Amino acid sequence: MSYIAKPKVAHPQLPKNDLGFTVRDYEGAMSTLCAGCGHDSITSAIIQAAFEQSIPPHRLAKMSGIGCSSKTPAYFASASHGINTVHGRMPAVATGANAANPDLYYVGVSGDGDSLSIGLGQFLHAVRRNLNMVYVLENNGVYGLTKGQFSASADLGSKAKKGETNQQPPIDPVQTLVSLGATFVARSFSGDKEQLVPLIRAALAHRGFAFIDVISPCVTFNDHEGSTKSYTFTRKHAHVAMYADYVAPAKEIRAEYAAGAAMPVTLHDGSRIVLRKADGAYDPTDQAAAFSYLTKATAAGEIPTGLLYLKTGRPDMHELANTPDVPLATMAWEKVCPGSATLGKIQDRFR
Amino acid sequence: MTSSSPGVGLPPTDIRNPDYFHKVVDCQWACPAHTDVPGYIRLIAQGRYTDAYLLNRKSNVFPGILGRVCDRPCEPACRRGRVEEKPVAICRLKRVAADHADESYRDQLPKPATKNGKRVALVGAGPASLTVANDLLPLGYDVTIFEALDVPGGLMRSNIPSFRLPAEVLDREIGDIVGMGAHLRLGHRIESMKALLGEGYDAIFVGTGAPKGKELKLAGRDDDPAHVHIGIAWLESVAFGHIEKIGEKVLIIGVGNTAMDCCRTSLRLGAKDVKVMARKPRQFFKASPWELEDAEEERVEIVINRAPRAFVTEGGRLKGMLFDVMEYEVDARGRITAERVTGEQFYPADDVILAIGQENAFPWIERDLGLEFDKWEVPVVDPATFQSTRPGVFFGGDAAFGPKNIIWSVEHGHQAAISIHRHCQGEDLRDRLPDGQNLQTSKMGMHEWAYSNNYDPAERRLMPHVSLKERFQKLDVEVELGFTAEQAAAEVERCLNCDVQTVFAAKLCIECDACIDICPVDCLTITRNGTEDDLRTRLTAPADNRTQALFVSEALPQTGRVMVKDEDLCVHCGLCAERCPTAAWDMQKFTLHHPHAIDHAPAPAAPRRFGT
Ligand SMILES: Cc1cc2nc3c(=O)[nH]c(=O)nc-3n(C[C@H](O)[C@H](O)[C@H](O)COP(=O)(O)OP(=O)(O)OC[C@H]3O[C@@H](n4cnc5c(N)ncnc54)[C@H](O)[C@@H]3O)c2cc1C
Ligand SMILES: Cc1ncc(C[n+]2csc(CCOP(=O)(O)OP(=O)(O)O)c2C)c(N)n1
Ligand code: SF4
Ligand code: SF4
Ligand code: SF4
Ligand SMILES: [Mg+2]
């Protein structure tokens with residue numbers, strides 16, 4: 001908490017994006033999180049990515065649950081839509097919002113407690129229906145907001161601030177999602193914006209459920225010795241398995257990529273993600289290879305990062321359900337509500 | 001993870017060198033006397049006008065005078081002018097301190113000490129000599145000031161018009177110095193340096209200014225000399241009541257600050273149509289923008305691209321002047337690459353005033369005294385000690401290196417006083433105390449600082465002026481009214497407190513990026529080290545202002561990268577320190593110790609310090 005808000009004064013030569021906005025136009029209210037919280041860094045990465053993607057702020061819809069992480073949508077893109085839902089229930093509300101208006105960029109921000117403890121069921125079903133959204137999981141291994149209890153992502157043997165050891169195995173959201181066949185699965189670290197910003201840009205461009213697990217140290221309850229989600233531990237063990245560079249639609253792919261080791265994947269809007277393997281990695285479009293790599297690397301104590309699994313071309317929720325691809329609010333009233341006679345006919349089909 | 005090879009790069013910035021943080025305080029660095037600007041502005045904000053006055057006086061000696069007429073190199077330097085359009089009204093805030101200081105400030109002036117038996121002669125009673133007197137009297141020196149005119153003050157009295165600088169202000173601040181026990185010999189022109197040397201003074205200081213106005217030798221110059229005036233001599237005659245009238249149509253030749261005083265003075269002596277004739281376009285004018293503004297507000301016309309060719313007289317009476325109409329080619333960097341005469345034009349005039357510059361003149365210094373002059377007849381003076389080639393004879397102010405301004409004269413005076421003191425004590429002049437610094441945390445609580453850290457978006461306050469009608473009624477109606485209490489209260493909040501420095505402790509940083517994310521002006525970056533050219537391309541925001549330093553930390557513990565701060569636009573909001581979980585950033589108040597003669601004196605004359 002600070003007593004003053006971030007002043008509006010800005011660097012006079014800040015670059016502008018295609019819409020004529022500077023990065024400052026994507027900011028939100030002043031954060032009330034603890035100074036140094038990883039979540040604030042992720043907020044700043046989201047701001048940077050939305051700016052670089054030239055997304056009109058009013059076309060963003062910010063979705064969240066409950067937790068320190070879930071508070072953060074208030075701290076970016078003030079000029080956008082948003083809802084702070086019930087603990088662990090953001091995926092359901094996001095599904096409803098998306099069903100009604102597929103035209104917005106949905107950015108969900110959740111915590112490890114919100115998504116992996118109370119909200120695990122909701123979360124995995126949103127993955128199954130390939131809901132078209134970016135889902136950022138700000139993973140600190142604890143329930144920050146309720147003062148630091150172990151969450152479902154706490155590692156075996158990880159120590160709490162007061163010394164007790166976590167006895168239950170963690171739910172690894174990345175492995176879980178690869179095993180489910182999610183279409184975009186990434187991991188990054190709040191302290192590495194060079195990696196995180198392009199990942200968020202790619203996630204925004206991806207059609208379908210784009211998931212980024214971001215290790216985000218809780219400076220207050222989980223940044224001590226013995227923690228496996230601290231700044232020091234993460235820096236020591238994070239290991240880039242797959243580099244992902246985002247290439248905007250009109251841009252040429254650099255020659256060095258074309259040479260071989262890199263793998264350009266074209267997204268539905270014409271932008272591309274260029275994947276580059278780190279030493280001995282796997283084909284990130286091969287689900288079995290990815291799963292095997294991730295389980296082995298994780299067992300060996302590494303924290304694999306990067307765009308770890310990518311599947312383009314799978315139908316999203318709207319395509320699966322054959323629902324209209326325009327916002328309901330823009331459709332003629334008779335179409336949205338065709339009247340009781342039509343309802344009767346539909347009901348007859350199920351008699 | 002970002003790669004973190006230590007590799008080649010800049011060494012960590014040495015913040016123990018006082019120059020580093022001093023440069024961050026742009027105004028203080030630009031001020032020749034290094035006045036603690038943010039310090040006195042905070043005192044004004046607290047209503048402590050007397051303390052603000054004394055803090056000013058310690059460096060610039062004449063806060064009331066300078067608060068009105070200083071050349072204010074601090075303002076173009078002010079950081080506020082880089083983050084938005086207009087700098088803080090530093091100069092006029094100085095006047096606020098002077099206007100509101102309590103008379104009791106006199107009790108806190110340095111007291112003359114018991115005499116030390118050393119006698120010093122100062123030639124001329126301008127700001128340079130007066131500063132020397134101010135610094136030496138408290139050390140026990142017996143100081144005699146010789147002044148040719150009947151009043152002290154130098155050009156401040158004889159040339160700066162009273163509608164800009166009232167006589168009472170001069171009287172008060174000069175009186176404070178003379179009142180410390182100087183012997184002031186008015187109407188006493190020194191005619192021979194040799195004779196003066198013969199009087200057995202332990203040291204002599206020459207503060208005689210640059211008294212010679214430049215001539216314009218053109219056809220017809222001497223045909224009607226009564227109507228062609230040399231600017232500085234004419235202003236002096238006006239100041240002392242020898243000239244009380246001028247013709248209706250006046251041409252001023254030259255467009256420096258003297259020209260501005262000449263045109264505005266003409267309007268007060270009856271001129272109706274005053275034109276300032278400039279040889280070049282506006283961007284090449286020497287006059288300060290605010291002096292131009294003030295003249296134009298009084299409806300003086302400034303005519304550009306007119307080069308004087310001849311004075312035109314008829315029957316021995318001046319009729320006007322003939323000018324070449326000029327055209328210039330200017331390159332991308334704003335320099336003139338070619339000039340052409342495209343025609344000629346006649347401008348009628350009853351009087352012409354030449355305001356094209358001043359020169360030094362030392363007809364009274366014999367050339368066989370071991371006191372060297374260069375080929376331009378300027379004395380050879382050491383720029384650090386202000387000593388001439390004859391030990392014991394010192395120069396300062398306009399007499400030393402040609403015409404500058406009051407605040408430079410003051411700083412010359414301070415430095416010369418140190419030299420005179422060391423000379424009289426038989427010490428090495430070059431062995432001077434270096435500048436020093438003190439850093440003290442401003443932290444008062446979790447998110448509380450000992451200064452007003454929030455950025456106030458208020459715009460610069462406008463100085464209220466006396467109406468045009470009123471101001472022309474008498475020569476000495478002061479045009480500027482001074483800030484009102486409300487204006488002063490708003491203006492002080494525009495100061496960014498650049499002396500409250502961001503001090504970084506690399507070993508505490510956990511590289512969480514909180515400071516980088518919060519910084520409103522994107523000053524901060526954590527990156528791998530590199531050369532300055534390379535680093536400047538890799539910072540969070542463009543860092544093209546090379547006059548402003550980059551701070552580079554030691555290698556950070558976790559990744560070996562470095563914290564880099566571009567000092568250019570920091571608004572000293574303290575948010576980096578507020579958002580840092582480990583207090584790796586702290587906001588620390590920087591106090592410069594810029595030594596004066598008193599600091600070179602042995603105890604008990606302890607250095608004067610005024611807290612902020
Ligand atoms: C028209 C005009 C306007 C100016 N406006 C400003 C302004 O707004 N702000 C600013 O900062 N500066 C201004 N200046 C410049 C400023 O006045 C000078 O730079 C400053 O006064 C120089 O101080 P000094 O002590 O070196 O000498 P001076 O002020 O020139 O004083 C020298 C004194 O020595 C005396 N003297 C000379 N020879 C002898 C001798 N042989 N024996 C005894 N006495 C002698 C002279 O009579 C004079 O009183 C202006 C100058 C002019 C001409
Ligand atoms: C239904 C319900 N159960 C419990 C809570 C209490 N609660 C609030 S936040 C939170 C955990 C948040 O943890 P996480 O999602 O990891 O967020 P963090 O604060 O760590 O970012 C809990 C259990 C609640 N608000 N609602
Ligand atoms: S408690 Fe932890 S997660 Fe919550 S704001 Fe503080 S540091 Fe961040
Ligand atoms: S004080 Fe810190 S946060 Fe504020 S402008 Fe300066 S560097 Fe940025
Ligand atoms: S906020 Fe503090 S700990 Fe975090 S990066 Fe900045 S200086 Fe380092
Ligand atoms: Mg959590």
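This report covers ligand surroundings, a metal site and helix packing in a predicted model.

## The magnesium site in chain A

Ligand 6 is a magnesium ion. Three residues coordinate this ion: Asp112(A) through OD, Asn140(A) through OD1 and Val142(A) through O. The distances run from 2.1 to 2.2 Å.

Along the chain, the donors follow the spacing D-x27-N-x1-V. Distant parts of the chain are linked here. Asp112(A) sits in helix α4 (residues 112–117) of chain A. Val142(A) sits in strand β5 (residues 142–143) of chain A, and the pair is 30 residues apart.

## Around ligand 3

Asn140(A), a donor to the magnesium ion, also appears in the shell of ligand 3. Four cysteines belong to that shell: Cys34(A), Cys37(A), Cys68(A) and Cys218(A). Leu33(A), His39(A) and Gly144(A) are there too. So are Val219(A), Thr220(A) and Phe221(A). By class, the shell has 7 nonpolar residues, 4 polar and no charged.

## Ligands 4 and 5 and chain B

The residues around ligand 4 come from chain B. Among them are Cys519(B), Cys570(B), Cys573(B) and Cys576(B). Others include Pro520(B), Val521(B), Lys565(B), His572(B) and Met587(B). This shell divides into 8 nonpolar, 3 polar and 1 charged.

Ligand 5 has 15 residues around it. The nearest are Cys509(B), Cys512(B), Asp513(B), Cys515(B) and Cys580(B). The shell of ligand 5 holds 12 nonpolar, 1 polar and 2 charged residues.

## A helix pair in chain A

Two numbers describe a pair of packed helices: the angle between the axes and the distance between them. Take helix α3 (residues 90–100) and helix α5 (residues 120–128) of chain A. Their angle is about 35°, and their axes lie 8 Å apart.

Met90(A), Pro91(A) and Ala92(A) in α3(A) touch Gln122(A), Phe123(A) and Ala126(A) in α5(A). This contact has 5 nonpolar residues, 1 polar and no charged.

## A helix pair in chain B

Helix α14 (residues 257–268) packs with helix α15 (residues 289–297) in chain B. The angle is about 20°, with the axes 10 Å apart. Angles under 35 degrees count as roughly parallel, so α14(B) and α15(B) are roughly parallel to each other. Their crossing is left-handed.

From α14(B), the contact uses Asn257(B), Met260(B), Asp261(B), Cys263(B) and Arg264(B). They meet Glu291(B), Leu292(B), Asp294(B) and Ala295(B) in α15(B). By class, this contact has 4 nonpolar, 1 polar and 4 charged residues.

Technical notes: Residues numbered from 1 in each chain as written. Chains lettered and ligands numbered in written order. Predicted model: local features only at pLDDT ≥ 70, side-chain atom pairs only at ≥ 80, totals over all residues. Heavy atoms only, no water. Axes fitted to C-alpha atoms, helices over the stretch in contact; angles between N-to-C directions. Helix = DSSP H or I, 4+ residues; strand = E, 2+ residues; numbered from the N terminus. Parallel < 35°, antiparallel > 145°, perpendicular 65-115°, else oblique. Left-handed = near helix turned anticlockwise from the far one by under 90°. Contact = heavy atoms within 4.5 Å. Nonpolar A, V, L, I, M, F, W, Y, C, P; charged D, E, K, R; others polar. Near = heavy atom within 4 Å. Donors = N, O, S within 2.8 Å, 3.2 Å for Na, K, Ca; no water.
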